[in-house]
Amino acid sequence: MMQFLIALKILLIGIAYGQFVPSFTNLSPYRNLIERRFTGFTNWIDCNSRLPVLFYYFADRDRGDYPRPSSFKLDPQVSYSCQQKSTSSYNGGASYDRGHMVTANHMDSNPQSIMDSNYMTNIAPQTGVLNKGAWLFVEEMIECIRDVNPLRVYGGIVLGDNTSNDIFLSSHGVPTPDWLWKIIENTVTGDVIAYLMPNNFEPYRDRVDRYLTTIKDIENKSGFIFSNFNDFQRNKLHTKSWSIPPGCDYS
């Protein structure tokens with residue numbers, strides 16, 4: 001009953017603000033979540049790990065090209081005890097990027113949205129291979145298909161149990177996620193596609209289809225159980241990524 005009431009509260013908050021917010025049951029390890037509503041997207045930040053562990057946004061036709069800010073900033077709307085200790089790059093002797101959960105490129109129709117995307121409450125340590133490889137491919141796929149059909153985009157991290165990559169605890173106060181995931185829902189066709197990607201040095205761009213999975217698998221691994229997907233969607237497994245329309249403008 002308590003889990004139902006939490007999910008209902010999340011849904012009603014979204015309705016009150018005039019925008020869809022996914023309702024979910026939280027069976028994840030993250031018990032200290034803060035919902036941060038930005039201009040154009042919503043993140044759920046785990047106060048204990050200081051990381052955005054879940055995000056959602058609606059991606060419709062690209063209507064602008066505002067420039068991304070050159071610097072990262074702490075979020076003035078979130079307690080500093082619940083976010084990363086530093087905005088600096090991840091210098092841990094390995095190739096890690098300040099990886100966006102919600103990419104700035106999908107927020108470039110609004111100057112406030114793209115500025116919000118550079119807050120550290122939208123950032124997590126990502127290997128350069130993942131950030132510029134398979135994760136980027138999916139961002140570009142969304143960028144192109146949203147000009148054809150509006151999309152709902154869900155995503156997040158799984159911290160996992162690999163502590164050997166937690167090399168930014170001293171500098172930034174955060175562990176390094178073991179996995180990143182993303183679900184994309186076509187609001188016109190109802191089709192869904194899901195990815196679960198390891199945060200290591202393997203997910204190059206040309207390997208993206210290796211990481212296709214089902215929503216059910218993501219729910220099991222993340223602990224976030226979404227109420228708006230039916231059983232067919234939840235068990236749908238693609239073997240190939242959606243095709244990118246020809247002549248797409250990636251800007």
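**View 1. G155 and its partner across the β7–β8 pairing.** In this predicted model, G155 stands opposite K182 of β8. A second pair to look for is Y154, whose bridge partner in β8 is I183. Both pairs help you find your way along strands β7 (residues 151-158) and β8 (residues 179-186), which run antiparallel to each other and are joined by eight bridges.

**View 2. The other pairing of β7, with β4.** Here β4 meets β7, again in the antiparallel sense, over six bridges. A handy landmark is F58, which sits opposite R152 in β7. How many of the eight residues of β7 are buried? Seven are, so the strand is largely enclosed by the rest of the structure. As you follow the backbone, recall that side chains in a regular strand alternate between the two faces of the sheet.

**View 3. The whole sheet, edge to edge.** Stepping back, you can count seven strands in an open sheet, ordered β2-β3-β4-β7-β8-β9-β10 with antiparallel pairing. Which strands stand at the edges? They are β2 (33-37) and β10 (212-213); each has a single partner strand, so one side of each is left without a neighbour in the sheet.

**View 4. Two helices against the sheet.** Helix α4 lies across β4 (51-59), β7, β8 and β9 (192-198), and runs at about 15 degrees to β8. Helix α5 (residues 215-222) also packs on the sheet, where it touches β7, β8, β9 and β10. The direction of α5 makes about 140 degrees with that of β8.

**View 5. The second largest pocket.** This pocket holds about 240 Å³ of space. Its lining is made up of 14 residues, and those closest to the centre are R68, T103, N131, L136 and E139. Which element gives the most to the lining? Helix α4 (134-145) does, with four residues, while β5 is another element that supplies at least two. By character, the lining divides into six charged, six polar and two nonpolar residues.

**View 6. A closer look at T103.** One of the residues closest to the centre of the second largest pocket, T103 belongs to the loop that links β5 (96-100) to α2 (111-116). Is T103 buried or exposed? Its relative accessible area is 10%, and because buried means under 20%, T103 counts as buried. Setting aside neighbours within four places in sequence, T103 is in contact with Y57 and E139. You have met E139 already: like T103, it is among the residues closest to the centre of the pocket.

Note on methods:
Residues are numbered from 1 along each chain as its sequence is written. This is a predicted model: local features need pLDDT of at least 70, side-chain atom pairs count only at pLDDT 80 or more; totals for chains, interfaces and linings use all residues. Side-chain values use heavy atoms; hydrogens and water are left out. Buried means under 20% relative accessible area, exposed over 50%, partly exposed in between (1.4 Å probe, protein chains only). Contact means heavy atoms within 4.5 Å. On a 1 Å grid over the protein atoms alone, a cavity is a set of points where a 1.4 Å probe fits but cannot get out, and a pocket is an open set with protein on both sides within 12 Å along at least five of seven lines; lining residues have an atom within 4 Å of a point. Grid points are joined across faces, edges and corners, and a volume is the space filled by probe spheres set on the points. Ala, Val, Leu, Ile, Met, Phe, Trp, Tyr, Cys and Pro count as nonpolar, Asp, Glu, Lys and Arg as charged, and the others, Gly among them, as polar. Two strands pair if DSSP finds at least two bridges between them. Axes are lines fitted to C-alpha atoms, for helices over the stretch in contact, and angles run from 0 to 180 degrees between N-to-C directions.
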